[in-house]
Amino acid sequence: MTRKRIAVLTGAGVSAESGLSTYRDNGGLWDNYDPMEVASAEGWAHNPGLVLDFYNMQREHLRSVQPNEAHRLIAQLEERFTVDVITQNVDNLHERAGSTHVVHLHGEATKVRPENCYNDNDGFSERQVFDVGYDAVHLGDKAPNGVQLRPHIVFFGEAVPKMEQAIELVSQADIVLIVGTSLQVYPAAGLYRYASPGAPIYIIDPADVPLWDKRIVHIRKVATEGMKDFVQML
Ligand code: OAD
């Protein structure tokens, strides 16, 4: 028998209980930093040192945190289902919890690439991406081709190269699970619309859900608690 497929779309809320800040909650990252300065294409052009410092800080923080029960329960779904995790998060906590198929829509904090590689259309290829782990990257740090390294992050104002792959995975899913995202940032926020008509959509988030679709089941809990409920409901 073929296994059912679950597409899991995650945002910063799934990592909140690991101690990583979300972006838009009170006291979140975007309360303390201007995303246009530290995470946009314009910000990089204007002050790349500030952008590098922001992601150096993220990387350093990531070194000290651990996956939580929600990441682990998502990974354990692979014992019974074919699971595709599509995450907006730039952390590596899904992988560290054991998920084997993770698509990072907005890039990865532990990786860098030459600043002249933007996306597939501009010649960007995974071969040009370097894993720096949790180490800092500074102005003057260059790729073997002599070009300044930049964070392997999809900055505001840039295309989302993995969107097509994500759409395909969501459309193939028998069940769609959304965990801990405010669904404010497009195109990721529109992904649920590609769910096949028969697929139920579960959303785990302690806050109101900005979507309406009669298929949506809102589990109004934090990720670790909501994931336990979700597993029971399967
Ligand atoms: P947001 O900060 O916008 O939303 C976080 C969501 O997590 C909110 O809906 C919260 O209610 C929920 N939340 C908070 N604590 C939670 C918990 N313990 N368990 C479950 N949910 C919880 O973060 P994202 O939606 O991920 O992009 O933001 C999307 C994108 O905006 C990010 O990928 C980032 C940002 O700008 C880039 O930097 C490119």
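This report describes the ligand site, the two largest pockets and two backbone features of a predicted model.

**Ligand site**

The ligand sits in the largest pocket. Around the ligand there are 23 residues, and those that come nearest are Y23, R24, T181, S182 and D205. Sorted by class, this shell holds eleven nonpolar residues, eight polar residues and four charged residues.

Three polar atom pairs between ligand and protein are described here, two through the backbone and one through a side chain. At R24, a polar backbone atom is 2.7 Å from an oxygen atom of the ligand. At D205, the partner is a polar side-chain atom, which also lies 2.7 Å from a ligand oxygen atom. The ligand atom facing A223 is a nitrogen, and a backbone N or O atom of A223 lies 2.8 Å from this nitrogen. The ligand taken alone exposes 800 Å², and 94% of that area is buried by the protein.

**Pockets**

The volume and lining of each pocket are set out below.

| Pocket | Volume | Lining residues | Nonpolar | Polar | Charged |
|---|---|---|---|---|---|
| Largest pocket | about 760 Å³ | 42 residues | 24 residues | eleven residues | seven residues |
| Second largest pocket | about 250 Å³ | 14 residues | eight residues | five residues | one residue |

In the largest pocket, the lining residues that lie nearest the centre are A12, Y23, R24, T181 and S182. Y23, R24, T181 and S182 are also among the residues that come nearest the ligand. Two elements, α1 (13-16) and β8 (201-204), each supply at least two residues of the lining of the largest pocket.

The second largest pocket has about 250 Å³ of space. Its lining residues closest to the centre are L20, S21, Y23, L29 and Q58. Y23 is thus named for both pockets, as one of the residues nearest the centre of the largest pocket and as one of those closest to the centre of the second largest pocket. Helix α5 (residues 48-63) gives the largest share of the lining of the second largest pocket, with four residues.

**Backbone features**

Most residues other than glycine have a negative phi, and most peptide bonds are trans. Two places in the model depart from this pattern. L183, although not a glycine, has a positive phi of about 55 degrees. The peptide bond from Y186 to P187 is cis, and its omega is near 10 degrees. L183 is found in the loop between β7 and β8, and P187 is found in the loop between β7 (175-179) and β8. The strand β8 that follows this loop is one of the elements supplying residues to the lining of the largest pocket, where the ligand sits.

Definitions and conventions: Residues are numbered from 1 along each chain as its sequence is written. This is a predicted model: local features need pLDDT of at least 70, side-chain atom pairs count only at pLDDT 80 or more; totals for chains, interfaces and linings use all residues. Side-chain values use heavy atoms; hydrogens and water are left out. A residue is near a molecule or strand if one of its heavy atoms lies within 4 Å of it. A polar contact is a pair of N or O atoms within 3.5 Å; within protein, one must be able to donate a hydrogen and the other to accept it, and residues adjacent in sequence count only if both atoms are side-chain atoms. Accessible areas come from the Shrake-Rupley method with a 1.4 Å probe; for residues, only the protein chains shown count as cover. On a 1 Å grid over the protein atoms alone, a cavity is a set of points where a 1.4 Å probe fits but cannot get out, and a pocket is an open set with protein on both sides within 12 Å along at least five of seven lines; lining residues have an atom within 4 Å of a point. A molecule sits in a cavity or pocket if more than half of its atoms lie within 2 Å of its grid points. Ala, Val, Leu, Ile, Met, Phe, Trp, Tyr, Cys and Pro count as nonpolar, Asp, Glu, Lys and Arg as charged, and the others, Gly among them, as polar. Grid points are joined across faces, edges and corners, and a volume is the space filled by probe spheres set on the points.
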